[in-house]
Amino acid sequence: MAGPAGGCRNREVTRATTGGSVAAEAGIKMAVDFLVFGTKEAKYKACYEVRLLSKSSTFNQACLVEAGVVSSLLDLICFRNPKNQENATASLLNLAKYSKTKKVLVENRGLELILEVAQNGFKMEARQHAEGTLFYLASVDEYRDIIGKIPRSIPVLMELVLDGTDRCKKNALVAILGLLVYPENHWKAIAARIVPLLIDLLRSSHQCEDLVTGSLAILATLANNPDGTMGILSCGALHVILDVVGSTTTSKESREYCVALLLAMCTNGGADVVRVLVSNSSLMGPLYQHLRCFIFINLFCHDHVLS
């Protein structure tokens, strides 16, 4: 008796803190029933209603997941209806912010379906929602490995970096960075030729600062691996990075990633990298603005950088 009673009390606490109620829970269950069993028109209306409900509160998200909405939404994103696909992927994005959704998504073959929408969705909005869902899934250690093992996952995110809106590009970069927390995904990103893509982003003077920062964060992460450093150097990226460091418009965050990136390249690239840095007379000024510059000073002293 203690277990069920405790469960009831927990649910009552949830309702009290989130504004939920028995009536609200019943309404949510009805919307899910229409989504599962309704006519095409009813499914369309229910899908839109679920999108609104999934955005409004944690209580609604919990009730929707408990009512089994995730599998129904995954079925809908496969239908050849652009509006239903957009509403369904937006709902999944909203629900992915709720911790218990992630496991349900993965266990219901959701990863491949979401990747399919991210790559081939009818509208850019649906692709962007699918990408956002991948971002939330990539925040879980276990799922970084699973996503990385799907061959097209990183290339799909790279396509969105190329084709999406600025916000979509930023989210795709953050999702890729999340996947790189798992070291096994580093070589997969390098093999997908992410480095040339990021260098091209840095070369584009019109790119927004968020994209510059995201690109540098990924490069700094990859450069911690010797293969990553070699890949960056082979693209002629060193001078591009130095230009970013020296730019007066570069943000403090981007400069910090540049410093971390240059340090990793000195460590893994050896004398050739140090020689280029030593010959750059304008480099030391920006480096002095950061604590990490002292590491560089120690590296360069034996080459008479300060003479």
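Is Ser153 buried or exposed? Ser153 is buried, with just 1% relative accessible area. Keep in mind that everything shown here comes from a predicted model.

**View 1. The whole chain, to get your bearings.** Before zooming in, it helps to know what the chain is made of: 21 helices and zero strands. The chain runs to 307 residues, and buried ones make up 49% of them. Take the contacts between residues at least 6 apart in sequence: 69% of these join residues that are at least 24 apart.

**View 2. Ser153 and its surroundings.** Ser153 belongs to helix α11, which covers residues 153-163. Setting aside neighbours within four places in sequence, Ser153 touches Leu115, Ile147 and Gly148. Look at Ile147 in particular: its backbone oxygen is 2.8 Å from a polar atom in the side chain of Ser153. Lys188 makes a nice sequence-versus-space example, being 35 residues from Ser153 along the chain, with the two C-alpha atoms 9.9 Å apart.

**View 3. Helix α11 against helix α12.** Staying with α11, here is its packing with α12, the helix of residues 166-179. The two axes are 7 Å apart and the packing angle is about 155 degrees. An angle over 145 degrees counts as roughly antiparallel, so that is how α11 sits relative to α12. Their crossing is left-handed. On the α11 side, the contact is made by Ile154, Leu157, Met158, Leu160, Val161 and Leu162. On the α12 side, look for Cys168, Lys169, Ala172, Leu173, Ala175, Ile176 and Leu179.

**View 4. Helix α14 under its cover.** Now for α14, a helix of 10 residues (194-203), eight of which are buried. Which ones are they? The buried set is Ile194, Val195, Pro196, Leu197, Leu198, Ile199, Leu201 and Leu202. The cover over these residues includes α11 and α12 from the previous view, along with α13 (184-191), α15 (209-223), α16 (226-234) and α17 (237-246).

**View 5. Helix α6 beside helix α9.** Another helix pair: α6 spans residues 82-96 and α9 spans residues 124-137. Their axes are 8 Å apart, and they pack at an angle of about 20 degrees. With that angle, α6 counts as roughly parallel to α9. This crossing is left-handed. From α6, the residues taking part are Gln85, Glu86, Thr89, Ala90, Leu92, Leu93 and Ala96. They meet Glu125, Ala126, His129, Ala130, Gly132, Thr133 and Tyr136 of α9.

**View 6. His129 in close-up.** Zoom in on His129, found in helix α9. His129 counts as buried because its relative accessibility is 15%, and the cut-off for buried is under 20%. Neighbours within four places aside, the contacts of His129 are Arg51, Glu86, Thr89, Ala90 and Leu93.

**View 7. Two rings meeting edge-to-face.** How many aromatic pairs are there? The count is one. The pair is Phe135 and Tyr136, whose ring centres are 5.0 Å apart. Their planes are at 65 degrees, so the pair is edge-to-face. Phe135 is partly exposed, with a relative accessible area of 31%. Tyr136 is partly exposed too, at 25% relative accessibility.

Note on methods
Residues numbered from 1 in each chain as written. Predicted model: local features only at pLDDT ≥ 70, side-chain atom pairs only at ≥ 80, totals over all residues. Heavy atoms only, no water. Helix = DSSP H or I, 4+ residues; strand = E, 2+ residues; numbered from the N terminus. Buried < 20%, exposed > 50% of the residue type's maximum accessible area, 1.4 Å probe, protein only. Contact = heavy atoms within 4.5 Å. Polar contact = N/O pair within 3.5 Å; in protein donor to acceptor, adjacent residues only side chain to side chain. Phe/Tyr/Trp six-rings, centres within 6.5 Å; stacked < 30°, edge-to-face > 60°. Axes fitted to C-alpha atoms, helices over the stretch in contact; angles between N-to-C directions. Parallel < 35°, antiparallel > 145°, perpendicular 65-115°, else oblique. Left-handed = near helix turned anticlockwise from the far one by under 90°.
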